[in-house]
Amino acid sequence: MNPARLALSFPAVLALAACAPGEDDDGKRAPGPPIGFELAMAREPAPEPTAGSRSDERAEDQAQVIDLTPEQLAERMAAGDIMLVDVRTAEEVAEGMITGAVHIPLDQFAPGPDLLAQADGREIVLYCRSGRRSGIAGEALSAYLEQPVSHLAGGIIAWQTADKAVTAP
């Protein structure tokens with residue numbers, strides 16, 4: 001065996017030996033911690049982010065999208081202080097949409113002053129077919145508003161599964 005390889009493997013053998021089971025007071029073999037336990041536990045924790053650090057900035061940059069159940073959306077609609085936006089395609093909307101929703105296809109959805117003017121101070125809640133596209137639109141809107149945005153988790157499929165009404169556009 002190469003002497004350099006032997007020298008490099010010696011610390012690994014010692015580490016494994018340290019993890020080997022020992023003997024208890026009765027002279028019986030006692031179970032030891034799993035192999036590599038000490039090495040895994042010796043890892044230092046990540047430093048806490050400080051104000052203005054890159055990890056702190058990344059956390060602030062992440063958009064927040066809040067999932068609503070069909071029941072939660074129905075409650076908010078009954079309160080009347082939301083603008084419900086359907087981001088599905090025109091073909092999907094032709095099959096029916098949630099009553100009172102405004103259709104803005106995802107490929108035309110642009111968070112900005114025009115959308116906020118249309119909302120007229122109301123909370124904007126998004127939905128699509130399954131929740132994926134409304135999540136994408138929600139991330140964009142949340143990043144623009146710098147605050148969390150809500151969308152219907154599961155989309156209109158979840159809405160219909162919960163026996164909620166859908167109307168023709």
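1. A residue is called buried when its relative accessible area is under 20%, and Asp86, with a relative accessible area of 0%, is therefore buried. This residue is found in strand β2, and several of the points below return to it. The structure under review is a predicted model, and the remarks that follow should be read with that in mind.

2. On the overall architecture, the chain holds 8 helices and 5 strands, which follow one another along the sequence in the pattern α-α-α-β-α-β-α-β-α-β-α-β-α. Of its 169 residues, 27% count as buried, while the accessible surface comes to about 11300 Å², with 54% of that area belonging to carbon and sulfur atoms. Among contacts with a separation of 6 or more, 60% are made by residues 24 or more positions apart.

3. The strands form an open sheet of 5 strands in the order β1-β5-β4-β2-β3, with parallel pairing. Strands β1 (65-68) and β3 (102-103) stand at the edges, and because each has a single partner strand, one side of each is left without a neighbour in the sheet. As general background, the strands of a sheet pair through backbone hydrogen bonds, in either a parallel or an antiparallel sense.

4. Which strand of the sheet is largely enclosed by the rest of the structure? Strand β2 (residues 82-86) is, because 5 of its 5 residues are buried. Ile82, Leu84 and Asp86 point one way from β2, whereas Met83 and Val85 point the other way, and all of them are buried. This agrees with the general expectation that side chains in a regular strand alternate between the two faces of the sheet.

5. The pairings of β2 can be followed on both sides. With β4 the strand pairs in the parallel sense over 5 bridges, and within this pairing Leu84 stands opposite Val125. With β3 it pairs, again in the parallel sense, over 2 bridges, where the bridge partner of Asp86 is His103.

6. The surroundings of Asp86 deserve a closer reading. Leaving aside residues up to four places away in sequence, Asp86 touches Val93, Met97, Ala101, Val102, His103, Ile104, Pro105 and Tyr127. The side chain of Asp86 makes a polar contact of 2.7 Å with that of Tyr127, and another polar contact, of 2.8 Å, joins it to the side chain of Arg88. Asp86 and Arg88 also form a salt bridge, with their closest N and O atoms 2.8 Å apart; Arg88 has a relative accessible area of 5% and is buried.

7. How many salt bridges does the structure hold? There are 3, and besides the one at Asp86, Arg133 forms a salt bridge with Glu92, the closest N and O atoms being 2.8 Å apart. This pair links distant parts of the chain, since Arg133 lies in helix α7 and Glu92 in helix α5 (residues 90-93), 41 residues apart. Both Arg133 and Glu92 are buried.

8. A further salt bridge is formed by the side chains of Arg76 and Glu123, at 2.7 Å from N to O. Because Arg76 lies in helix α4 (residues 70-79) and Glu123 in strand β4, the pair ties together parts that are 47 residues apart in sequence. Arg76, at 28% relative accessibility, counts as partly exposed, and Glu123 counts as partly exposed at 32%.

9. Turning to the other part of the sheet, strand β4 (residues 123-127) is joined to β5 by 2 bridges, and the two strands run parallel. Here the bridge partner of Val125 is Ser150 in β5, so that Val125, which also stands opposite Leu84, is a point at which the register of β2, β4 and β5 may be checked. Helix α7 (residues 132-145) lies across β1, β4 and β5 and runs at about 170° to β5.

10. Finally, is Leu152 buried or exposed? Leu152, which has its place in strand β5 (residues 149-152), is buried, with a relative accessible area of 0%. Not counting residues up to four places away in sequence, it touches Leu68, Thr69, Pro70, Leu73, Ile98, Leu126, Tyr127, Gly131, Ser134 and Trp159. Tyr127 thus appears among the contacts of Leu152 and among those of Asp86. The C-alpha atoms of Leu152 and Ser130, which are 22 residues apart along the chain, are separated by 8.6 Å.

How values were computed: Residues numbered from 1 in each chain as written. Predicted model: local features only at pLDDT ≥ 70, side-chain atom pairs only at ≥ 80, totals over all residues. Heavy atoms only, no water. Helix = DSSP H or I, 4+ residues; strand = E, 2+ residues; numbered from the N terminus. Buried < 20%, exposed > 50% of the residue type's maximum accessible area, 1.4 Å probe, protein only. Contact = heavy atoms within 4.5 Å. Areas by Shrake-Rupley, 256 points an atom, 1.4 Å probe, with all protein chains shown as cover. Pairing = 2+ DSSP bridges. Axes fitted to C-alpha atoms, helices over the stretch in contact; angles between N-to-C directions. Polar contact = N/O pair within 3.5 Å; in protein donor to acceptor, adjacent residues only side chain to side chain. Salt bridge = Lys/Arg side-chain N within 4 Å of Asp/Glu carboxyl O.
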